[in-house]
Amino acid sequence: MGETCKDWSKWAEDIYWTHFQTIHFSQYLLGDYDRQLAIPKKFVDNLKKKLPQSVTLKGPSGLTWDVELKTIDDTLFFNHGWQEFVKDHSLEETDLLVFRYNGWSQFDVLIFDGKNLCEKGDSYFVRKCGPTEHDNGCLTKKKIREGSIDDVHTPLDDGVRCPSPLNYVSDDSATAPSEQYIISLVGKRTRQSAKSVGRKEPATCGEGMKSTASDDVECSPTIKNGAQGQQYASNRRLVTEDEIKDALLLAQAASSDDTYLAVMRPTHVYKKFFLYIPLEWAANHLSLENQEIYLRYKNDTWRARYNHNQARGYGGITSGWKHFVIDNNLEELDVCLFKAAGQMDGSTILDVSIFRVVQEISPRTLLNPPRKRGRRNSIKSTEA
C-alpha cells in the first residue's frame, strides 16, 4: 500500500510540473529583498528550460513590470527591474508574495501582509511613476479592458515620487483585472471603427537597409514632458492558447546560451517601441554603452540603436526598433530570438528569428494621437 501511494504521488508530481499550464509558488520577503528575490529551487529545477531571460510581473492592479532573471551561485533571482516593483508596491520585510506563472514569461503576483496574512488592499491601487502627462508624472492604474493596450513599465523610465495613495480617487476604471488576462488581450482585441483609424504608415526606407536609427526618435523611453508617440491597433484574428504556447516552444527549442529570447509585449510592438535587453546578455554580446546596431532578418537589415543607462544599469533597443516591428508585422506574444552575428561598419549585427503566433499577416492600423499645441510631430516621414 505504501509503495502504491509513493508511486501515485510521484506520478501526480510529474503531471503537475509537465502538464499544468499555471504553476504557483510563494516567497516571504527577507534580508535584501529590496535588491533581488530568490526563486524557489524546485520551481527553477522543473521550469528553468522554459523560463526566458526576462519576464513580466503583473501586480494586483493589472500594471506590469519587466524584470530580468539572473543566476547567482546556482540560485535564480528576480533581479534588474525587481527594485521598481518593490518600490512601487511599498513592499516591506516579512510580506508574503504568491506568484502564478502562466507559462508565457509572465508571473501574476498577489501581495499579503506577513504580520496578519491578509491581502494588502492598496496593492490593487498602485500608481506607477514615470514621464506621463497625468497625475503630476505618475501613472494611475487602469482597468485592463478588452481591446486596450496595457501600460508596461520600462526600466529606463525616470523615477518620480508619487503622491500619497490617499489622494487617489477611485472610479469605474479601478476595478480588479480579469483573471483571464492573456485570453482577453489576445482573444478579444476590439477593432477600431473606420472613423477612428488613421493612415497606415510605411516604415521602409529603401531596399536592403530599411531605416536609420534616428527615424523614430519618439521611441526612446526617455522622452520628457509626457510626449506621446504614435500607437497602433492590431488587426490579427483571434488566437488560441495552443498557438501562443506553440510559438514559445518553437523559439525555446531554437534558443541556446548565446541567444536572447523575447516575448513581444504591447510596449514592444504597439506603442513606445522599446525592447529591454538583459544586462548580462548585453555585456556579453554588445557593450554597456550607447551604440548603433543592425537588426538582420532573412535578407534585410535595419539600423537601430541600443541605449544604455549607466546609472541604473539597464539598456534596450529604441530607435530603429519601430521600423523593424512594422516592416515585419510583429504582434503581441510573437517571439523573437536574438543572436550576435559579427559586425558591419563597426556596429554589432543581431540576427533575429521570428516565431509567430499566427502565420497570416494582418497589417496593423495607425491610431492618430491628438497633437499638442506648439509641438512638432516627432516622427520623420519615411515617404519620398
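# Chatting through a predicted model

Student: Hi! Which helix should I look at to begin with, and how many of its residues are buried?

Tutor: Try helix α3 (residues 82-89): 6 of its 8 residues are buried, so the helix is largely enclosed by the rest of the structure. Buried means under 20% relative accessible area, exposed over 50% and partly exposed in between, with a 1.4 Å probe and protein chains only. Helices (H or I, at least four residues) and strands (E, at least two) are DSSP runs, numbered from the N terminus.

Student: What kind of model is this, and how are residues numbered?

Tutor: This is a predicted model, where local features need pLDDT of at least 70, side-chain atom pairs count only at pLDDT 80 or more, and totals for chains, interfaces and linings use all residues. Residues are numbered from 1 along each chain as its sequence is written, and side-chain values use heavy atoms, with hydrogens and water left out.

Student: Back to α3. Which residues are the buried ones?

Tutor: They are Trp82, Glu84, Phe85, Val86, Asp88 and His89. Just after α3 comes Ser90, with a positive phi of about 50 degrees.

Student: Which aromatic cluster includes Trp82 and Phe85?

Tutor: One that is formed by Tyr16, Trp17, Phe25, Phe43, Trp65, Phe78, Trp82, Phe85, Phe99, Tyr101 and Phe107.

Student: And how many aromatic pairs does the structure hold?

Tutor: There are 20 aromatic pairs. Rings of Phe, Tyr and Trp (its six-membered ring) pair if their centres lie within 6.5 Å; planes under 30 degrees apart count as stacked, over 60 as edge-to-face and the rest as tilted. Take Phe25 and Phe99: their ring centres are 4.8 Å apart and their planes at 15 degrees, so this pair is stacked. Phe25 lies in strand β1 (residues 23-28) and Phe99 in strand β6 (residues 96-101), so the pair ties together parts that are 74 residues apart in sequence.

Student: Are those two buried or exposed?

Tutor: Phe25 and Phe99 are both buried.

Student: New topic: sheets! In what order do the strands of the open sheet come?

Tutor: The 7 strands run β12-β17-β18-β14-β15-β16-β13, with mixed pairing. Two strands pair if DSSP finds at least two bridges between them. At the edges stand β12 and β13 (275-277), each with a single partner strand, so one side of each is left without a neighbour in the sheet. From one strand to the next, the twist averages 35 degrees.

Student: How do β17 and its partners run?

Tutor: Strand β12 (residues 259-263) is antiparallel to β17 (residues 335-344), with 5 bridges, and Leu261 stands opposite Leu337. β17 is also antiparallel to β18 (residues 347-355), with 8 bridges, and there Phe338 faces Val352. The hairpin of β17 and β18 has 2 residues between the strands, and Asp345 takes a positive phi near 55 degrees.

Student: Which strand runs parallel to β18?

Tutor: That's β14 (residues 291-297), joined to β18 by 4 bridges; Leu295 stands opposite Leu350. Helix α5 (residues 241-254) packs on the sheet, touching β12, β17 and β18, and its direction makes about 35 degrees with that of β17. Contact means heavy atoms within 4.5 Å. For the angles, axes are lines fitted to C-alpha atoms, for helices over the stretch in contact, and angles run from 0 to 180 degrees between N-to-C directions.

Student: Last one: how many helices and strands does the protein chain have?

Tutor: It has 8 helices and 19 strands, and 50% of its 384 residues count as buried.
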